[in-house]
Amino acid sequence: MKGPANWVVAYVANSGSDTVTPIVTATNTASTSITVGHGPRVIAVTPNGKTAYIGNGNSGTVTPISTATNTARPPITVGNDPIAIAITPNGKTAYVANQDSGTVTPIWTMTNTAGPPIAVGNGPDAIAIATLTRRHWHRHRPRPSGSPTRSAAQPDIRAASLPRA
């Protein structure tokens, strides 16, 4: 698509035709639809805007789309019925909630590869990413059974190391 340096594009999942349609919001014009997996129903875009991830509910895959060219990349196999996608603020990992598998699958966005599924419970249908400070995480993370607790008068405010997303 030729035009201004900064396009704002809306991506629409068309589950009936297994496509995604980009819409240029400045002109409210639909571009050529992009073929993805079966039953696309959820879309998440990386923070830098370079890739849109499409959850294909009927094929158990996620299709990455290059937003610069509106080209679908090879689908990534996740669990059954990917119903929600959340991307970390640094854009390095997309997390996919797989409703019929009871799992969440991480996808490393640099390589578009799926990690091992994480069991989360029956029928996950939403996911969100929260950015916690080191101080917040240490004060509020669950303690092992039998661990000493601190009173409100003596909060534990030491910094802790967090795993990187």
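Here are four short exercises with worked solutions on the structure above.

This is a predicted model, in which local features need pLDDT of at least 70, side-chain atom pairs count only at pLDDT 80 or more, and totals for chains, interfaces and linings use all residues. Residues are numbered from 1 along each chain as its sequence is written, and side-chain values use heavy atoms, with hydrogens and water left out.

**Exercise 1.** Find which residue forms a salt bridge with Asp81, and say whether each partner is buried or exposed.

*Solution.* Start with the criterion: a side-chain nitrogen of Lys or Arg within 4 Å of a carboxyl oxygen of Asp or Glu. The structure holds 1 such salt bridge. Asp81 makes it with Arg41, and their closest N and O atoms are 3.2 Å apart. Next, place the partners: Arg41 belongs to strand S5 (residues 40–45), while Asp81 sits in the loop between strands S9 (76–77) and S10 (82–87), 40 residues away. Strands here are DSSP runs (E, at least two residues), numbered from the N terminus. For accessibility, buried means under 20% relative accessible area, exposed over 50%, and partly exposed in between (1.4 Å probe, protein chains only). Asp81, at 9%, is buried, whereas Arg41, at 40%, is partly exposed.

**Exercise 2.** Work out how strands S1 and S2 are joined.

*Solution.* Strands count as paired if DSSP finds at least two bridges between them. S1 (residues 9–14) and S2 (residues 19–24) run antiparallel and share 6 bridges. One pair to look for is Tyr11 with Pro22 in S2. Then follow the chain through the hairpin: 4 residues lie between the strands, and Asp18 in the turn has a positive phi of about 55°.

**Exercise 3.** Describe the surroundings of Ile54.

*Solution.* Ile54 lies in strand S6 (residues 51–56) and is buried, at 0% relative accessibility. Contact means heavy atoms within 4.5 Å. Leaving aside neighbours within four places in sequence, the contacts of Ile54 include Val20, Val36, Val42, Ile65 and Ile85. Ile76, 22 residues away in sequence, has its C-alpha 10.0 Å from that of Ile54.

**Exercise 4.** Which residues make up the largest nonpolar core?

*Solution.* Look for buried Ala, Val, Leu, Ile, Met, Phe, Trp, Tyr and Cys residues joined through side-chain atoms within 4.5 Å. The largest such set has 11 residues: Val42, Ala44, Tyr53, Val62, Ile76, Val78, Ile85, Ile87, Ala94, Val96 and Ile107. S5, S10 and strand S11 (93–98) each give two or more of them. A second, separate core of 7 residues includes Tyr11, Val20, Ile54 and Ile65.
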